[in-house]
Amino acid sequence: MTLTRDDLTDLERWGYDDGFLTLEEIAEARRRDQEDAVATGSRPASLPSHGLSERGRRQLAELAGTAALDGERPADRPRPAPEPGAARPASSGEARVAERFDADQVRAWLLELGRRVEPSDLAPELRAAAYAYLDGYRGDFEWMAEQRRRLERYQSLFDTSLKGVLNVWRADLLHEQRERERAVRLRTEAAASQADPAAVDVHAIPAGGYAVRKSQDVVTFYRVSHGELGTRWEGYSFLRQVIGGGRDRYLGRVGPGARYAGERRADLAAIAADLEGACRLYGQELGICGRCGQILTDPTSRALGMGPQCRRRPW
Ligand SMILES: [Zn+2]
């Protein structure tokens, strides 16, 4: 397999490295689709893009033993008509059956499986569950959309695809489970730190550089930043100690609703108690404005430890 990481977008995003479906399996399913299509006289699917780059799709096409790519469909070439009444050839793709299944049981099974779903796992009720999950899927994973289009076209999917659908389901369930666990952990941390009277609310410290004088000669420098809105780090604060030569020391992050109770809590309490003073000290000592990061060259700005615009901005 010569696909590189650069060729993977959607697949990689969905844990291709964990591998819910290998590229060989996609290629194999596609090859059988083509054979099936030729045998039944239906229009064969062109190779899927699967979010792959042009080069990736070409490699996938070679792997599948066909030069067909999107835009060059074998169906456009003349092809013998199917014999009347010819039976659809047997394949591993089970006809879509209205099998009963217990969604809760399938979910529990997927969560406890501890490995990827394999084609040998596919009992009739699991196939039915895979079809149902595909039907109700509202996510944005292009591979799933592709399976829906194939299902519309062929009325059934191969086990390799159904297995893939179940592995997408499993990945979704594991993701939801991790997010739930994360939420519980954050709540627990927040509750513990709220109960600590020495803990500091670092979320209230605006992003920027601050300094604390430890003695006549010793000043410790800090940087506070906050997670971007709309990202998974929204509500987090990040603490660093500024050390020369770009070797800042990461002191840790504080989750939403939590307070900082680490070993630098005295310094951070001092900063929180006098934001402007700590920020000016940073600027005076380093010659860099703690609020905007600009180098301070003007004598007044250096003396005050802050640039003119930042001095006017209210805290
Ligand atoms: Zn500034």
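Here are three short exercises on the predicted model above, each with a worked solution.

Residues are numbered from 1 along each chain as its sequence is written. In this predicted model, local features need pLDDT of at least 70 and side-chain atom pairs count only at pLDDT 80 or more, while totals for chains, interfaces and linings use all residues.

**Exercise 1.** Find where pLDDT (the predictor's confidence in each residue, from 0 to 100) stays under 50.

*Solution.* Start with the chain: its mean pLDDT is 79, and 69% of residues reach 70 or more. Next, look at residues 1-20, where pLDDT is below 50. Then add residues 64-95, also under 50. Where pLDDT is low, the predicted coordinates should not be read in detail.

**Exercise 2.** Check the length of helix α5 (helices are DSSP runs of H or I, at least four residues, numbered from the N terminus).

*Solution.* Take the 13 residues, 124-136, at 1.5 Å a residue. The expected span is 1.5 Å times one less than the number of residues, so α5 should span 18 Å; its end C-alpha atoms are 19 Å apart, which agrees.

**Exercise 3.** Work out which elements build the largest nonpolar core (buried Ala, Val, Leu, Ile, Met, Phe, Trp, Tyr and Cys residues joined through C-beta atoms within 7 Å; buried means 20 or more other C-beta atoms within 10 Å of a residue's own, placed from the backbone).

*Solution.* Begin with its 24 residues; Tyr-210 and Ile-271 are among those touching the most other members. Now map the elements giving two or more residues: strands β1 and β2 (E runs, at least two residues), with α8 and α9. Finally, α9 gives the most, four residues.

Conventions: Two residues are in contact if their C-beta atoms, placed from the backbone, lie within 7 Å. A nonpolar core is a set of buried Ala, Val, Leu, Ile, Met, Phe, Trp, Tyr and Cys residues joined through C-beta atoms within 7 Å. A residue is buried if 20 or more other C-beta atoms lie within 10 Å of its own, exposed if 12 or fewer, and partly exposed in between; C-beta atoms are placed from the backbone.
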